Amino acid sequence: MMLAITFLGLLLITFLIGRVVPIDPVLAVVGDKASPQVYEKARIAMGLHLPLWKQFLIYIANVFTGNLGTSVLTANPVIDDILRVFPATFELAVTATVIGILLGIPLGIFSAVKQGSFWDHAVRVIGLFGHSLPIFWLGLMGLMVFYVRLDLLPGPGRVDIFYEGIVPPVTGFLVVDSIVAGEWDIFKSALHHLILPASLLGYYSMAYLLRMTRSFMIEQLGQEYILTARVKGVKEWAVIWGHALGNCAISLITVIALSFGTLLEGSVLTETVFAWPGLGLYLTNSLLNADMNAVLGCTIVVGAIFLGVNLFSDFLYKVVDPRAR
């Protein structure tokens, strides 16, 4: 119920934004040289002559039928554009999240176990840099070092330009689709292009997960049940990885879900720096060209993703912790 109310609230906000921004949606379609008669016909066709409450009901009906309007920039339905670019963003966010989990959680546990030591401070500094440095600056520095100076990794883009459009989309993950198609040169190119942006986003995710994992573990390691387990002679690795981490699982699921959702909607600057053809770059181009249908459509999709991630988190709670069932 709360998810439905939240989503309706999101629709109301995006609807009002579309009506109060100083951009005439009719002029965006017909152009500023259209005659008054053409302007009025377009206004009626778009339903803008109706009362706001009727416009909102029509807006809700259109969203639930997948009609997010037509992009002024591409002249395609916004939903088609989003379905075309979203797999690239999803591939980037999933890879970065995996990197963040594999590095952030173990480092957070290590830092908590070594609390107050030199290693704890060193790990916290690493996390502080990842959480504080602007992601676009990291992207530019990464390109300058690994692409321009060292020539170890390719430059912007998702794949070398002469490989574009060769692999038919199956999963939307270019590294996977190239394997399915047996195009190993394209797989190598796609993987090399993925490494730098995914690693930088993964570093950002790792910093967040590290900080939260350390906090959760320090809290659990100070509990009486941990002291009891140690007094009973339970091995230290079992105390840390079994007892303490097990009781952090619910909190970590929430943090990972939020991190993943943040990467999906927060990869705008990364995709812009790396010319990554995903939702972030599409949204940036739409903003620069005042394409409000595309901007609001992307906003709705990102909001729906956040709600879906939260719903999936609730499901995982019940799987991990029987007490939540």
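Alanine 275 sits in the loop between helix H12 (268-273) and H13. In this predicted model, the phi of alanine 275 is near 50°, a positive value in a residue other than glycine. Its relative accessible area is 37%, so alanine 275 is partly exposed.

Two further alanines belong in this part of the story. Just after H13, alanine 290 takes a positive phi of about 55°. Towards the other end of the story is alanine 75, whose phi is near 65°, again positive in a residue that is not glycine. Alanine 75 lies in the loop between helix H4 (52-64) and H5, and it counts as exposed because its relative accessibility is 59%.

Helix H13 itself, residues 279-288, is mostly covered, with 7 of its 10 residues buried. If you would like to find them in the viewer, the buried residues are Leu279, Gly280, Leu281, Tyr282, Leu283, Thr284 and Ser286.

**The chain as a whole**

Stepping back, the chain has 14 helices and 0 strands. Read along the sequence, the pattern is therefore α-α-α-α-α-α-α-α-α-α-α-α-α-α under the DSSP assignment of helices and strands. The C-alpha atoms fill a box of roughly 85 × 50 × 35 Å along the principal axes. Of the 325 residues, 40% count as buried.

Helix H9 (residues 184-221) offers a handy example of a buried residue, since leucine 210 lies in it. Leucine 210 has a relative accessibility of 2%, below the 20% cut-off, and therefore counts as buried. From leucine 210 to leucine 196 there are 14 residues in sequence and 20 Å in space, C-alpha to C-alpha.

**Salt bridges**

The count for the model comes to 4 salt bridges. Three of them are set out here, with the distance between the N and O atoms.

| Basic residue | Acidic residue | N to O distance |
|---|---|---|
| Arginine 84 | Aspartate 81 | 3.3 Å |
| Arginine 158 | Glutamate 91 | 2.7 Å |
| Arginine 230 | Glutamate 236 | 2.7 Å |

How are arginine 84 and aspartate 81 placed in helix H5? They are 3 residues apart in that helix, which means that about one helical turn separates them. In general, an α-helix has 3.6 residues a turn, so residues three or four places apart point the same way. The two partners differ in their surroundings: arginine 84 is exposed, with a relative accessible area of 51%, whereas aspartate 81 is buried at 1% relative accessibility.

The side chains of arginine 158 and glutamate 91 meet in another salt bridge, with 2.7 Å from N to O. This pair links distant parts of the chain, 67 residues apart: arginine 158 is in the loop between H7 and H8, and glutamate 91 is in helix H5. Arginine 158 is buried, with a relative accessible area of 15%, and glutamate 91 is buried too, at 1%.

For the pair formed by glutamate 236 and arginine 230, the closest N and O atoms are 2.7 Å apart. Glutamate 236 is partly exposed, with a relative accessible area of 37%, and arginine 230 is partly exposed with a value of 37% as well.

**The second largest pocket**

Some of these names come back in the second largest pocket, which holds about 400 Å³ of space. Its lining has 20 residues, and those nearest its centre are Arg84, Arg158, Gly165, Leu174 and Pro277. Which helices each supply at least two residues of this lining? They are helix H5 (78-113) and helix H8 (174-180). The largest share, 4 residues, comes from H5. By type, the lining divides into 13 nonpolar, 3 polar and 4 charged residues.

**A nonpolar patch on the surface**

Finally, have a look at the surface around phenylalanine 146, which lies in helix H7 (residues 135-149). Phenylalanine 146 counts as partly exposed because its relative accessibility is 35%. Together with Met144, Val145, Tyr147, Val148, Leu150 and Leu152, Phe146 forms a nonpolar patch with about 620 Å² of accessible area in total.

Technical notes. Residues numbered from 1 in each chain as written. Predicted model: local features only at pLDDT ≥ 70, side-chain atom pairs only at ≥ 80, totals over all residues. Heavy atoms only, no water. 1 Å grid on protein atoms, 1.4 Å probe; cavity = no way out; pocket = protein on both sides within 12 Å on 5 of 7 lines; lining within 4 Å. Points joined across faces, edges and corners; volume = space filled by probe spheres on them. Nonpolar A, V, L, I, M, F, W, Y, C, P; charged D, E, K, R; others polar. Patch = residues over 30% accessible without salt bridge, like charges linked within 9 Å, V, L, I, M, F, W, Y side chains within 5 Å. Areas by Shrake-Rupley, 256 points an atom, 1.4 Å probe, with all protein chains shown as cover. Buried < 20%, exposed > 50% of the residue type's maximum accessible area, 1.4 Å probe, protein only.
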